[in-house]
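Got a new structure on your screen and not sure where to start looking? Here is a short tour you can follow residue by residue.

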Amino acid sequence: MHAAQWAESMRLAVRHAMASQPVLIPVPVNQFYQQAGLPVVEAPLPTGLESAIVLGVGDPFVLLNAQLGPFAQRFALAHELIHYWYHQSILPYFPSPNHYQSPLDTEANAGAAELLLPYPWFMTTAHQVLGQPLRTLAAFTAFITSPDARRWANQARVTVPVLGYHLQDLGWAPLGKIGPTH
Ligand SMILES: [Zn+2]
């Protein structure tokens, strides 16, 4: 399977799992941690290491980089929660040294975006904000750097790049490099 298929099957799994729950925006990530009984330990991790889930050494817990902004922390927590929910049985193959190279991390990133931008809410707001999919990278860059994109991302408490990648992944924007958004 290719990375895009791993990502899509994880999005569908999370979407299906969440379908029986009321949609709350922003998504209560901390509540999911409480329900899972999964502790979070904030620590001054090295730059570039956003978070990690520690499994197989006593009770599992998540290490979270204390220097991340609040929205980046939410994404990191959602990412680790996807590992916790879906990847525990394949423990010997992770944690991986690099968040962005293994298929598990491709899945965790896709699942995290799906979790934080729940499908029914995301589609409704996409229709309200955009009306129809953006056809060109220029239109996408113009949108993603606009106050509308910032407001939309803020509602869900995600960073603008996470919103941008999700728009691309769900076909609301063309694939390609997002313009400067920081
Ligand atoms: Zn990961």
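What follows is a quick briefing, grouped by topic, on a few spots worth finding in the viewer. Keep in mind that this is a predicted model. The main stops are a zinc ion held by H79, H83 and D105, the helices α2 and α7, and the second largest pocket, with about 260 Å³ of space.

**The zinc site**

- Three residues supply the protein donors of the zinc ion: H79 and H83, each through NE2, and D105 through OD.
- These donors sit 1.9 to 2.1 Å from the zinc.
- Along the sequence, the spacing of the donor residues reads H-x3-H-x21-D.
- H79 and H83 are four residues apart in helix α3, so about one helical turn separates them.
- That fits a general rule: an α-helix has 3.6 residues a turn, so residues three or four places apart point the same way.
- Are these two histidines buried or exposed? H79 has a relative accessible area of 1% and H83 has 3%; buried means under 20%, so H79 counts as buried and H83 does too.

**Helix α2, a helix with two faces**

- Helix α2 covers residues 29–36, and its buried residues are V29, F32 and Y33.
- Look down the axis of α2 and those buried residues fall within an arc of 100°, which means they line one face of the helix.
- Now turn to the face pointing away from the buried side of α2: there you'll find the exposed residues N30, Q34 and Q35.
- What do the buried residues of α2 pack against? Their partners are the helices α1 (3–18), α3 (70–86) and α4 (103–116), plus the strands β1 (40–43) and β3 (61–65).
- Just after α2 comes G37, with a positive phi of about 65°.
- G37 and D59 are 22 residues apart in sequence, while their C-alpha atoms are 9.7 Å apart in space.
- D59 belongs to the loop between β2 (51–54) and β3, and with 66% relative accessibility D59 counts as exposed.

**Helix α7, another one to look down**

- In helix α7 (residues 147–156), the buried residues are A149, W152, A153 and A156.
- Viewed along the axis of α7, these buried residues stay within an arc of 95°, so they line one face of the helix.
- The face of α7 turned away from that buried side carries the exposed residues P147 and R151.
- The cover over the buried residues of α7 includes α3, α4, α5, α6 (137–144) and α8 (160–169).
- Right after α7, you'll meet R157, which has a positive phi of about 55° even though R157 isn't a glycine.
- R157 sits in the loop between α7 and α8, and at 33% relative accessibility R157 is partly exposed.

**The second largest pocket**

- This pocket holds about 260 Å³ of space.
- Its lining has 18 residues, and the closest to the pocket centre are M18, Q21, P22, V23 and L24.
- Which elements give two or more residues to the lining? They are α1, α2, α4 and α5 (119–129).
- Sorted by class, the lining of the second largest pocket has 13 nonpolar residues, three polar ones and two charged ones.

**Two residues in helix α1**

- R11 lies in helix α1, and R11 counts as buried at 4% relative accessibility.
- Setting aside neighbours within four places in sequence, R11 touches A4, A110, E114, H166, D169 and L170.
- W6 is in helix α1 too, but W6 is partly exposed, with a relative accessible area of 24%.
- From W6 to L116 you travel 110 residues along the chain, and the C-alpha atoms of this pair are 18 Å apart.

**A cis bond to spot**

- The peptide bond joining I25 and P26 is cis, with omega at about -5°.
- To find P26, look in the loop between α1 and α2.

Methods: Residues numbered from 1 in each chain as written. Predicted model: local features only at pLDDT ≥ 70, side-chain atom pairs only at ≥ 80, totals over all residues. Heavy atoms only, no water. Buried < 20%, exposed > 50% of the residue type's maximum accessible area, 1.4 Å probe, protein only. Arc of directions from axis to C-beta. Contact = heavy atoms within 4.5 Å. 1 Å grid on protein atoms, 1.4 Å probe; cavity = no way out; pocket = protein on both sides within 12 Å on 5 of 7 lines; lining within 4 Å. Points joined across faces, edges and corners; volume = space filled by probe spheres on them. Nonpolar A, V, L, I, M, F, W, Y, C, P; charged D, E, K, R; others polar. Donors = N, O, S within 2.8 Å, 3.2 Å for Na, K, Ca; no water.
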